[in-house]
Amino acid sequence: MSSLPEFLKQGEAARLFPVLATTSKEGRATSILLSCMEKVDEFASAQLKTLGLRSGKRTKLECFTEVVFADTTQKNKRPDGLIVIKTGVQEKYFLVEAKIGNAELNSEQIESYVRICKDLKLDGVVTISNQYASRPNVHPLEEVRKIKIKVPVFHWSWMSLLTTIDLMVSNQEVADHDQMLIMNELRRFLSHDSTGVKGFDRMPPEWTEANKIISNKGSLTSRSEVATAVVEAWMQEAKDLCLILSRLTNTVVSEKLPNAHIKNPESRKKAAIKTLVEKCCLESNFEIPDAAAPMEVFADINKRSIFVGMSLGAPLDKKSSIARVNWLLRQLKDLEIEHCYVRANWPGSSAPTTYSVSELLENPSLIAQGKEHLAVSSFVVFGSYRLGARFSQVANFIHDLEDKVPEFYRQIGQNLTQWKKPAPKIKESAESVDVDAIAKEADGF
């Protein structure tokens with residue numbers, strides 16, 4: 001039986017089968033989640049890592065729900081849970097605040113828990129909701145990121161938790177058979193519609209408005225609430241796409257971001273707003289382990305189209321552009337190539353050229369037309385998907401995006417390989433390389 005920390009007046013040990021009112025979806029999901037963290041070492045280790053903590057054989061978790069603080073001045077502050085991490089004599093404490101379904105986190109409530117952590121010398125706050133964060137240590141609420149009290153606030157989205165659990169089960173990463181069964185039941189529970197775990201399924205109303213403005217030859221401004229709302233939604237969708245691709249590939253897929261954007265989400269948002277305002281485009285890059293290249297995704301509002309592509313360097317051991325494109329076409333000839341195109345990039349200021357894969361398979365020499373004096377330097381293989389009216393619709397746009405991105409990777413991306421310079425070979429004419437042979441060769445030069 002877990003003993004309550006001295007700063008708590010009341011708290012229930014997290015249960016696998018909590019006895020709660022049927023309306024308490026939040027409490028039930030939180031209790032089951034924390035209980036599974038207690039009981040499954042590999043799951044606990046994975047989640048502690050997101051808090052910047054290591055776990056070992058001596059690490060033990062104790063989790064509580066329905067906590068009430070002993071200090072009467074804090075009696076009205078009731079976080080949903082408490083995680084206690086014990087390693088030898090060292091103990092760390094994290095308050096947990098959870099929302100589920102359409103409920104969203106409240107920044108003022110979170111700040112009050114941050115203040116309690118400071119007063120009680122606790123180690124941080126963990127929030128859980130259907131809102132997305134690019135990293136667990138980068139909170140989705142800007143107001144929370146601006147809290148000046150130096151107490152860390154971490155965030156787990158329910159979908160990121162479900163993805164972690166799904167990967168652990170699918171990849172057989174839990175050693176104990178009974179614990180694996182617990183993890184599979186947790187996966188089953190969180191994936192059921194009644195639980196309230198949701199992926200990002202629609203853009204905000206501002207998405208339709210942005211499409212109207214741009215289609216009517218208007219323009220957005222960098223300070224526009226429309227542009228801000230659209231970019232914030234796109235950033236959430238990009239995270240959801242990471243999780244979808246992770247589950248489909250059984251690997252951890254992440255966004256490829258500059259370090260400056262990882263450390264400062266506001267700079268990332270400003271850059272994305274600038275791209276939207278100047279190019280009428282939203283873009284994200286995804287790192288898939290061992291794939292030939294990052295997968296680039298663009299949503300072009302002017303063209304009402306989604307573009308998904310990967311960049312490959314041209315093989316430098318081939319001299320002509322035709323030979324170089326044939327190297328690429330050998331990778332594509334047996335694949336589903338509908339909506340698939342190749343953009344050829346050329347040295348210097350020469351403009352790129354684009355052809356459909358079917359055109360190039362029929363006539364590879366097209367690649368060199370008008371560029372006979374140049375050799376292609378790189379290729380972009382991409383899928384182009386024109387959505388028409390569906391593009392501006394808040395739900396259909398996300399549905400089609402989450403359909404087309406995995407489709408491109410399944411049909412094209414996973415089959416691509418980068419050119420690799422071959423290993424050097426020993427010259428057939430080389431008989432000896434000792435000092436006498438070198439001297440003899442030098443004399444005869």
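**Pockets and nonpolar cores of the predicted model**

The lining of the largest pocket divides into 13 nonpolar, eight polar and 13 charged residues (Ala, Val, Leu, Ile, Met, Phe, Trp, Tyr, Cys and Pro count as nonpolar, Asp, Glu, Lys and Arg as charged, and the others, Gly among them, as polar). The model is predicted, with local features requiring pLDDT of at least 70 and side-chain atom pairs pLDDT 80 or more, while totals for chains, interfaces and linings use all residues. Residues are numbered from 1 along each chain as its sequence is written, and side-chain values use heavy atoms, without hydrogens and water.

A pocket is an open set of points on a 1 Å grid over the protein atoms alone, where a 1.4 Å probe fits, with protein on both sides within 12 Å along at least five of seven lines; lining residues have an atom within 4 Å of a point. The volume of the largest pocket is about 910 Å³, taken as the space filled by probe spheres set on the points, which are joined across faces, edges and corners. Of its 34 lining residues, Gln131, Tyr132, Phe200, Glu232 and Gln236 lie nearest the centre. Helix α8 (residues 225–249) gives the largest share of this lining, six residues (helices are DSSP runs of H or I, at least four residues, numbered from the N terminus).

The largest nonpolar core (buried Ala, Val, Leu, Ile, Met, Phe, Trp, Tyr and Cys residues joined through side-chain atoms within 4.5 Å; buried means under 20% relative accessible area, 1.4 Å probe, protein chains only) has 104 residues. Helix α8 contributes the largest share of this core, twelve residues. Another core, of 23 residues, lies apart from it and includes Phe64 and Val125.

How values were computed. Buried < 20%, exposed > 50% of the residue type's maximum accessible area, 1.4 Å probe, protein only. Helix = DSSP H or I, 4+ residues; strand = E, 2+ residues; numbered from the N terminus.
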